[in-house]
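Visitor: Could you take me through one part of this protein slowly, and then show me what else is around? I'm new to this, so plain words please.

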Amino acid sequence: MNTVATAEPSSAGRSAPAPEDTALRVEGLWKIFGPKADKIMGTAQADLSRQELLSQTGCLAAVKDISFEVARGEVFVIMGLSGSGKSTLVRLLTRLIEPTAGRVTINGEDVTQASTTKLRTLRRKHMSMVFQQFGLLPHRKVIDNVAYGLEVRGEAKAVRQARAQEMVELVGLSGYEQSFPDQLSGGMQQRVGLARALAVDPEVLFFDEPFSALDPLIRRDMQNEVVRLHEEVGKTMVFITHDLQEALKIGDRILIMRDGEIVQVGTPAEVVANPADDYVRDFVSEVPRSHVLTLRYVVRQPRPGEALDGPIMQADQVVRSAAGQVLHSSLPVRVFDGEDFLGVVDDDDILRVVVAEEAP
């Protein structure tokens with residue numbers, strides 16, 4: 001995809017959320033496929049690489065000792081190439097497949113230990129999923145597809161129809177309430193899927209590569225739609241993708257996977273500025289740094305005698321969007337993190353980033 005991420009990262013420097021601010025917590029999560037997979041846990045074989053484990057035991061470690069937390073209202077992106085384990089991971093989070101070991105809690109509720117009845121309740125009230133395959137009911141109109149989750153929950157018809165209408169309007173499908181899915185474009189069908197997921201007011205929205213089957217222009221529109229919807233409803237979102245540009249565009253933080261393991265977790269700016277290894281460095285090598293890096297990554301200490309009465313900007317401002325003001329200022333721009341002074345940025349500091357990304 002050729003879309004360039006321009007959305008400003010909103011979680012620069014974000015640390016692990018406090019317990020009361022945590023929407024999703026994952027602790028030591030494993031999924032091993034194969035004969036006697038549960039016998040591998042706690043042995044030396046668990047420390048083997050994916051290939052070594054497969055060759056020695058015939059078992060595949062699809063997800064290996066994954067731990068992370070997602071704050072309320074955060075857009076947390078899990079990305080990696082095909083076979084990295086990202087889609088298996090999201091299915092473990094919702095217990096569509098059973099973990100070999102580990103724990104997942106959503107809104108303080110233990111998903112991994114929940115009974116069948118409890119799990120059904122959690123899925124109806126605390127989580128929703130949006131898949132690449134839209135999963136719409138072909139014999140039901142748009143309004144009824146959107147209301148389906150509320151119907152399953154047992155809501156009265158008047159209540160669910162009113163809520164469904166709100167969601168239809170929220171995702172920009174007003175006027176299509178009485179249409180059937182096959183009368184809609186792919187992008188419009190995915191909007192129905194979004195509306196259906198939002199209708200039940202979940203604690204966490206899970207997206208499993210929802211836009212992979214869409215053409216590039218519609219995909220870009222849907223990415224923008226996710227950004228807009230998040231700004232409006234503030235839902236916690238866990239988004240699976242193999243597309244770095246998509247991850248940079250919508251994510252507050254990004255978790256990068258390889259061979260079932262975590263390689264790096266960080267804000268878009270952190271991942272681009274400080275890749276953890278060559279694998280991540282290759283991923284971000286063609287990303288225009290000025291579109292992702294914030295002033296936090298180009299700020300410097302004032303030189304002796306340098307003026308300190310120039311304009312003020314915040315450290316989480318993206319370099320590209322800050323460039324105009326910096327380049328037009330006759331004085332260095334002062335950069336603050338909240339009320340804390342970090343340093344200054346001038347024309348040369350901005351141009352150094354822009355020139356570097358244009359170099360062959």
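Guide: Let's begin with helix α12, which covers residues 319-328; its buried residues include V319, A322, A323 and V326. Keep in mind that this is a predicted model. Now look down the axis of α12: the buried residues fall within an arc of 125°, so they line one face of the helix. There's a handy general rule behind that sort of pattern. An α-helix has 3.6 residues a turn, so residues three or four places apart point the same way.

So what does α12 lie across? The answer is β11, β12 and β13, and the helix runs at about 170° to β11. Those three strands make an open sheet in the order β11-β12-β13, and their pairing is mixed. Out at the edges are β11 (312-314) and β13 (340-345); each has a single partner strand, so one side of each is left without a neighbour in the sheet. On average, neighbouring strands here are turned by 35° against each other, if you ignore direction. Zoom in on β12 (residues 333-337) and β13, and you'll find five bridges holding an antiparallel pairing. One of the residues to pick out is V335, whose bridge partner in β13 is G343.

That's the close-up, so let's step over to another sheet. This one is open too, with six strands in the order β6-β7-β8-β3-β9-β10 and mixed pairing. Its edge strands are β6 (127-131) and β10 (261-266), each with a single partner strand, so one side of each has no neighbour in the sheet. From one strand to the next, the twist averages 15°. Strand β9 (residues 253-258) runs antiparallel to β10, and five bridges join the two. If you want to spot a bridge there, try M257, whose partner in β10 is I262. A helix packs on this sheet as well: α8 (residues 216-233) touches β3 (75-79), β7 (204-208) and β8 (236-241), and its direction makes about 160° with that of β8.

Next, the aromatic rings. The structure holds five aromatic pairs. In one of them, F211 and F239 sit 5.8 Å apart centre to centre, with 55° between the planes, and that makes the pair tilted. This pair links distant parts of the chain: F211 is in the loop between β7 and α8, while F239 is in strand β8, 28 residues apart. Are these two buried or exposed? The cut-off for buried is under 20% relative accessible area. F211 has 1% relative accessibility, so it counts as buried, and F239, at 0%, counts as buried too. Add F207 and you have one aromatic cluster, made of F207, F211 and F239.

F207 also turns up in our last stop, the largest nonpolar core: the core has 64 residues, and F207 is among those with the most contacts inside it, along with V77, M79, V146, I256, V284 and L295. Helix α7 (residues 186-199) gives this core its largest share, seven residues. Take V146 as an example: leaving out residues up to four places away in sequence, V146 touches A164, M167, V168, V192, A195, R196 and A199. Apart from this core lies another one, of 28 residues, including L29, I78, V111 and A114. As a general point, nonpolar side chains tend to be buried together in soluble globular proteins.

Definitions and conventions:
Residues numbered from 1 in each chain as written. Predicted model: local features only at pLDDT ≥ 70, side-chain atom pairs only at ≥ 80, totals over all residues. Heavy atoms only, no water. Core = buried A, V, L, I, M, F, W, Y, C linked by side-chain atoms within 4.5 Å. Buried < 20%, exposed > 50% of the residue type's maximum accessible area, 1.4 Å probe, protein only. Helix = DSSP H or I, 4+ residues; strand = E, 2+ residues; numbered from the N terminus. Contact = heavy atoms within 4.5 Å. Pairing = 2+ DSSP bridges. Axes fitted to C-alpha atoms, helices over the stretch in contact; angles between N-to-C directions. Arc of directions from axis to C-beta. Phe/Tyr/Trp six-rings, centres within 6.5 Å; stacked < 30°, edge-to-face > 60°.
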